[in-house]
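The following exercises concern a protein–DNA model. Please examine the sequence and the structure before reading each worked solution.

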There are 2 protein chains.
Amino acid sequence: MKKNVKKPVDVKRAAKIFKALSNENRLELFLEILKINETCFETECTECFITDIMDTLSIGAPTVSHHMKELTNAGLVITERKGKFLTAKINDELIKELSEIFSSDKN
Amino acid sequence: MKKNVKKPVDVKRAAKIFKALSNENRLELFLEILKINETCFETECTECFITDIMDTLSIGAPTVSHHMKELTNAGLVITERKGKFLTAKINDELIKELSEIFSSDKN
DNA sequence: TTAATAATTCGATAGTTGCCGAATTTTACA
DNA sequence: TGTAAAATTCGGCAACTATCGAATTATTAA
(Lines give C-alpha, C1' and ligand atoms only; values in the text may rest on other atoms or scores of the structure.)
Protein backbone atom coordinates (compact mmCIF):
# COMPACT_ATOMS: atom_id res chain seq x y z
CA MET A 1 0.00 0.00 0.00
CA LYS A 2 1.21 3.49 -0.87
CA LYS A 3 2.48 5.47 2.08
CA ASN A 4 0.82 8.85 2.54
CA VAL A 5 3.70 11.30 2.38
CA LYS A 6 2.40 14.82 1.99
CA LYS A 7 4.06 17.80 0.47
CA PRO A 8 4.18 20.78 2.82
CA VAL A 9 1.24 23.07 2.18
CA ASP A 10 1.79 26.59 0.91
CA VAL A 11 -0.52 28.18 3.45
CA LYS A 12 -0.91 31.53 1.74
CA ARG A 13 -1.81 29.93 -1.55
CA ALA A 14 -4.11 27.35 0.01
CA ALA A 15 -5.97 30.03 1.96
CA LYS A 16 -6.56 31.88 -1.28
CA ILE A 17 -7.99 28.75 -2.88
CA PHE A 18 -10.31 28.10 0.04
CA LYS A 19 -11.39 31.71 0.04
CA ALA A 20 -12.38 31.33 -3.58
CA LEU A 21 -14.63 28.47 -2.53
CA SER A 22 -15.99 30.16 0.58
CA ASN A 23 -18.84 32.07 -1.03
CA GLU A 24 -22.01 30.10 -1.66
CA ASN A 25 -22.70 31.40 -5.14
CA ARG A 26 -19.09 31.11 -6.20
CA LEU A 27 -18.89 27.57 -4.87
CA GLU A 28 -22.03 26.65 -6.77
CA LEU A 29 -20.47 28.06 -9.91
CA PHE A 30 -17.34 26.02 -9.31
CA LEU A 31 -19.22 22.81 -8.55
CA GLU A 32 -21.21 23.20 -11.74
CA ILE A 33 -18.04 23.52 -13.76
CA LEU A 34 -16.62 20.55 -11.87
CA LYS A 35 -19.69 18.48 -12.63
CA ILE A 36 -19.48 19.17 -16.33
CA ASN A 37 -15.75 18.52 -16.21
CA GLU A 38 -16.39 15.05 -14.87
CA THR A 39 -19.53 14.16 -16.76
CA CYS A 40 -17.76 13.39 -20.01
CA PHE A 41 -14.05 13.66 -19.45
CA GLU A 42 -13.10 11.17 -22.13
CA THR A 43 -14.53 13.38 -24.85
CA GLU A 44 -13.76 16.96 -25.67
CA CYS A 45 -16.78 18.43 -23.91
CA THR A 46 -14.94 19.25 -20.69
CA GLU A 47 -15.47 22.93 -21.02
CA CYS A 48 -18.66 24.64 -20.13
CA PHE A 49 -20.36 27.88 -21.07
CA ILE A 50 -20.78 30.23 -18.16
CA THR A 51 -23.88 31.80 -19.66
CA ASP A 52 -25.75 28.56 -19.16
CA ILE A 53 -24.80 28.32 -15.50
CA MET A 54 -25.66 31.96 -14.91
CA ASP A 55 -29.37 31.28 -15.28
CA THR A 56 -29.30 28.79 -12.43
CA LEU A 57 -27.74 31.33 -10.06
CA SER A 58 -29.58 34.14 -8.35
CA ILE A 59 -26.99 36.82 -9.00
CA GLY A 60 -26.35 39.26 -11.81
CA ALA A 61 -23.82 39.18 -14.60
CA PRO A 62 -21.35 41.61 -13.04
CA THR A 63 -21.13 39.47 -9.95
CA VAL A 64 -20.70 36.27 -11.92
CA SER A 65 -17.92 37.92 -13.87
CA HIS A 66 -16.26 38.88 -10.61
CA HIS A 67 -16.63 35.38 -9.20
CA MET A 68 -15.16 33.82 -12.31
CA LYS A 69 -12.14 36.02 -11.92
CA GLU A 70 -11.71 34.86 -8.33
CA LEU A 71 -11.88 31.21 -9.34
CA THR A 72 -9.41 31.82 -12.14
CA ASN A 73 -7.11 33.81 -9.90
CA ALA A 74 -7.02 31.04 -7.36
CA GLY A 75 -6.09 28.66 -10.16
CA LEU A 76 -9.16 26.51 -9.74
CA VAL A 77 -10.44 26.97 -13.26
CA ILE A 78 -9.05 27.92 -16.64
CA THR A 79 -11.12 30.16 -18.84
CA GLU A 80 -11.15 30.82 -22.51
CA ARG A 81 -13.25 33.10 -24.62
CA LYS A 82 -15.15 31.38 -27.39
CA GLY A 83 -16.56 34.15 -29.52
CA LYS A 84 -19.12 36.01 -27.48
CA PHE A 85 -19.01 33.43 -24.73
CA LEU A 86 -16.77 32.58 -21.82
CA THR A 87 -15.93 28.94 -21.26
CA ALA A 88 -14.28 27.34 -18.29
CA LYS A 89 -12.72 24.06 -17.37
CA ILE A 90 -11.29 22.65 -14.20
CA ASN A 91 -7.58 22.86 -13.43
CA ASP A 92 -7.20 19.19 -12.64
CA GLU A 93 -3.66 19.55 -11.34
CA LEU A 94 -4.76 21.91 -8.60
CA ILE A 95 -7.70 19.72 -7.65
CA LYS A 96 -5.30 16.83 -7.24
CA GLU A 97 -3.18 18.95 -4.90
CA LEU A 98 -6.23 19.89 -2.86
CA SER A 99 -7.29 16.30 -2.67
CA GLU A 100 -3.89 15.48 -1.23
CA ILE A 101 -4.31 17.88 1.66
CA PHE A 102 -7.33 15.96 2.86
CA SER A 103 -6.17 12.48 1.99
CA SER A 104 -5.30 10.29 4.91
CA ASP A 105 -4.00 6.87 5.86
CA LYS A 106 -6.90 6.49 8.20
CA ASN A 107 -9.96 4.93 6.62
CA MET B 1 -11.96 -0.39 -10.08
CA LYS B 2 -14.37 1.53 -7.90
CA LYS B 3 -16.61 3.93 -9.79
CA ASN B 4 -16.53 7.49 -8.54
CA VAL B 5 -20.15 8.20 -7.60
CA LYS B 6 -20.36 11.38 -5.58
CA LYS B 7 -22.93 12.42 -3.08
CA PRO B 8 -24.51 15.77 -3.93
CA VAL B 9 -22.73 18.57 -2.09
CA ASP B 10 -24.57 20.61 0.51
CA VAL B 11 -23.41 23.93 -0.88
CA LYS B 12 -24.28 26.06 2.12
CA ARG B 13 -22.49 23.75 4.50
CA ALA B 14 -19.48 23.30 2.23
CA ALA B 15 -19.11 27.04 1.78
CA LYS B 16 -19.02 27.43 5.54
CA ILE B 17 -16.28 24.83 5.80
CA PHE B 18 -14.18 26.51 3.12
CA LYS B 19 -14.72 29.86 4.76
CA ALA B 20 -13.32 28.44 7.95
CA LEU B 21 -10.19 27.50 6.02
CA SER B 22 -9.96 30.75 4.08
CA ASN B 23 -8.05 32.78 6.63
CA GLU B 24 -4.31 32.26 6.66
CA ASN B 25 -3.86 32.09 10.40
CA ARG B 26 -6.88 29.91 10.87
CA LEU B 27 -5.72 27.55 8.14
CA GLU B 28 -2.33 27.31 9.76
CA LEU B 29 -4.00 26.47 13.04
CA PHE B 30 -6.03 23.79 11.32
CA LEU B 31 -3.09 22.30 9.45
CA GLU B 32 -1.12 22.09 12.67
CA ILE B 33 -3.92 20.15 14.32
CA LEU B 34 -4.17 17.99 11.22
CA LYS B 35 -0.46 17.27 11.30
CA ILE B 36 -0.56 16.16 14.91
CA ASN B 37 -3.67 14.15 14.17
CA GLU B 38 -1.80 12.18 11.51
CA THR B 39 1.60 11.95 13.14
CA CYS B 40 0.66 9.22 15.55
CA PHE B 41 -2.86 8.14 14.79
CA GLU B 42 -2.43 4.60 16.01
CA THR B 43 -1.78 5.79 19.55
CA GLU B 44 -3.87 7.98 21.77
CA CYS B 45 -1.96 11.18 21.14
CA THR B 46 -4.29 12.46 18.42
CA GLU B 47 -5.27 15.51 20.34
CA CYS B 48 -3.18 18.58 20.58
CA PHE B 49 -2.86 21.49 22.96
CA ILE B 50 -3.75 24.80 21.42
CA THR B 51 -1.43 26.70 23.72
CA ASP B 52 1.56 25.07 22.07
CA ILE B 53 0.40 26.04 18.58
CA MET B 54 -0.35 29.58 19.69
CA ASP B 55 3.30 30.39 20.08
CA THR B 56 3.98 29.60 16.43
CA LEU B 57 1.29 32.01 15.24
CA SER B 58 1.61 35.75 15.07
CA ILE B 59 -1.77 36.55 16.56
CA GLY B 60 -3.06 37.08 20.06
CA ALA B 61 -5.01 34.78 22.32
CA PRO B 62 -8.40 36.38 21.73
CA THR B 63 -8.05 35.89 18.00
CA VAL B 64 -6.94 32.29 18.37
CA SER B 65 -9.93 31.67 20.58
CA HIS B 66 -12.18 33.13 17.91
CA HIS B 67 -10.55 31.06 15.16
CA MET B 68 -10.90 27.87 17.16
CA LYS B 69 -14.59 28.55 17.48
CA GLU B 70 -14.89 28.97 13.72
CA LEU B 71 -13.13 25.68 13.05
CA THR B 72 -15.32 23.94 15.60
CA ASN B 73 -18.45 25.55 14.22
CA ALA B 74 -17.65 24.37 10.74
CA GLY B 75 -17.23 20.87 12.15
CA LEU B 76 -13.60 20.58 11.15
CA VAL B 77 -12.27 20.00 14.64
CA ILE B 78 -13.59 18.74 17.93
CA THR B 79 -12.39 20.46 21.07
CA GLU B 80 -12.27 19.43 24.66
CA ARG B 81 -11.12 21.22 27.73
CA LYS B 82 -8.39 19.46 29.68
CA GLY B 83 -8.05 21.39 32.89
CA LYS B 84 -6.67 24.80 32.10
CA PHE B 85 -6.00 23.84 28.51
CA LEU B 86 -7.96 23.48 25.33
CA THR B 87 -7.29 20.44 23.19
CA ALA B 88 -8.44 19.74 19.66
CA LYS B 89 -8.60 16.85 17.29
CA ILE B 90 -9.63 16.47 13.69
CA ASN B 91 -13.15 15.43 12.74
CA ASP B 92 -12.04 12.65 10.42
CA GLU B 93 -15.53 12.03 9.08
CA LEU B 94 -15.78 15.54 7.72
CA ILE B 95 -12.33 15.40 6.20
CA LYS B 96 -13.33 12.26 4.38
CA GLU B 97 -16.36 14.08 2.97
CA LEU B 98 -14.20 16.96 1.84
CA SER B 99 -11.78 14.60 0.22
CA GLU B 100 -14.65 13.14 -1.75
CA ILE B 101 -15.54 16.48 -3.29
CA PHE B 102 -12.12 16.68 -4.89
CA SER B 103 -11.66 13.02 -5.70
CA SER B 104 -11.83 12.16 -9.35
CA ASP B 105 -11.67 9.29 -11.79
CA LYS B 106 -9.06 11.21 -13.71
CA ASN B 107 -5.56 10.57 -12.46
C1' DT C 1 -7.70 31.70 49.89
C1' DT C 2 -4.82 33.97 46.89
C1' DA C 3 -1.70 34.39 42.94
C1' DA C 4 -0.75 32.89 38.37
C1' DT C 5 -1.85 31.04 33.95
C1' DA C 6 -5.07 29.83 30.16
C1' DA C 7 -8.97 30.92 27.87
C1' DT C 8 -12.97 33.65 26.76
C1' DT C 9 -15.89 37.63 26.21
C1' DC C 10 -16.62 42.35 24.95
C1' DG C 11 -16.34 46.57 22.32
C1' DA C 12 -14.17 48.93 18.87
C1' DT C 13 -12.05 49.59 14.36
C1' DA C 14 -9.76 49.12 9.93
C1' DG C 15 -10.13 46.42 6.15
C1' DT C 16 -12.52 43.18 3.03
C1' DT C 17 -16.38 41.22 0.41
C1' DG C 18 -20.63 40.53 -2.28
C1' DC C 19 -23.65 42.64 -4.67
C1' DC C 20 -25.96 45.93 -7.68
C1' DG C 21 -26.92 49.41 -11.53
C1' DA C 22 -24.86 52.10 -15.00
C1' DA C 23 -21.58 52.54 -18.37
C1' DT C 24 -18.36 50.37 -21.43
C1' DT C 25 -16.27 46.86 -24.32
C1' DT C 26 -16.32 42.79 -27.29
C1' DT C 27 -18.18 40.04 -30.68
C1' DA C 28 -21.57 38.34 -34.08
C1' DC C 29 -24.56 39.11 -37.60
C1' DA C 30 -28.44 41.38 -40.20
C1' DT D 1 -22.25 49.79 -40.47
C1' DG D 2 -25.57 49.57 -36.84
C1' DT D 3 -27.87 46.78 -33.49
C1' DA D 4 -28.15 43.20 -30.15
C1' DA D 5 -26.17 39.93 -26.91
C1' DA D 6 -22.48 38.65 -23.69
C1' DA D 7 -19.18 40.08 -20.75
C1' DT D 8 -16.51 43.38 -18.17
C1' DT D 9 -15.40 47.51 -15.61
C1' DC D 10 -16.50 51.02 -12.36
C1' DG D 11 -18.34 53.28 -8.25
C1' DG D 12 -20.60 52.71 -4.32
C1' DC D 13 -22.76 50.73 -0.27
C1' DA D 14 -24.19 47.47 3.35
C1' DA D 15 -22.59 43.61 5.72
C1' DC D 16 -19.05 40.94 7.44
C1' DT D 17 -14.24 39.76 9.29
C1' DA D 18 -9.80 39.78 11.62
C1' DT D 19 -7.67 41.74 14.92
C1' DC D 20 -6.64 44.08 19.17
C1' DG D 21 -6.64 45.65 24.25
C1' DA D 22 -9.13 45.44 28.38
C1' DA D 23 -11.93 43.03 31.35
C1' DT D 24 -13.65 38.65 32.90
C1' DT D 25 -13.89 33.75 33.90
C1' DA D 26 -11.89 29.13 34.85
C1' DT D 27 -8.56 26.29 36.72
C1' DT D 28 -4.46 25.01 39.09
C1' DA D 29 -1.20 25.13 42.64
C1' DA D 30 1.17 27.51 46.31
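A residue is near a molecule or strand if its C-beta atom, placed from the backbone, lies within 6 Å of it. The model is predicted: local features need pLDDT of at least 70 and side-chain atom pairs count only at pLDDT 80 or more, while totals for chains, interfaces and linings use all residues. Residues are numbered from 1 along each chain as its sequence is written, and chains are lettered from A and ligands numbered from 1 in the order in which they are written.

**Exercise 1.** Describe the protein surface near DNA strand C.

*Solution.* Step one is to identify the residues: 21 surround DNA strand C, and Asn23(A), Pro62(A), Gly83(A), Pro62(B) and Ser65(B) come nearest. Step two assigns elements, where helices (H or I, at least four residues) and strands (E, at least two) are DSSP runs, numbered from the N terminus. Two or more residues each come from helix H4 (61–73) of chain A and, in chain B, from helix H3 (50–54), helix H4 (61–73) and strand E3 (85–90). H4(B) provides the largest share, four residues. Step three sorts by class: Ala, Val, Leu, Ile, Met, Phe, Trp, Tyr, Cys and Pro count as nonpolar, Asp, Glu, Lys and Arg as charged, and the others, Gly among them, as polar. The surface near DNA strand C holds nine nonpolar, eight polar and four charged residues.

**Exercise 2.** Repeat the analysis for DNA strand D.

*Solution.* Around DNA strand D there are 20 residues, the closest being Pro62(A), Ser65(A), Asn23(B), Gly60(B) and Gly83(B). Helix H3 (50–54), H4 and strand E3 (85–90) of chain A, together with H4 of chain B, give two or more residues each. The largest share, four residues, belongs to H4(A). By class, nine residues are nonpolar, eight polar and three charged.

**Exercise 3.** Characterise the side of chain A that touches chain B.

*Solution.* Contact requires C-beta atoms, placed from the backbone, within 7 Å. On this basis, 24 residues of chain A are in contact with 24 residues of chain B. On the chain A side, helix H1 (11–20), helix H2 (24–39) and helix H5 (92–102) give two or more residues each, with H1(A) supplying the largest share, six residues. The classes are twelve nonpolar, five polar and seven charged residues.

**Exercise 4.** Which order do the strands of the open sheet in chain B have?

*Solution.* Strands pair if DSSP finds at least two bridges between them. The three strands have the order E1-E3-E2, with antiparallel pairing. Strand E1 (48–49) and strand E2 (77–82) of chain B are the edges, each pairing on one side only. Six bridges join E2(B) to E3(B); Ile78(B) has Lys89(B) in E3(B) as its bridge partner.

Definitions and conventions. Two residues are in contact if their C-beta atoms, placed from the backbone, lie within 7 Å.
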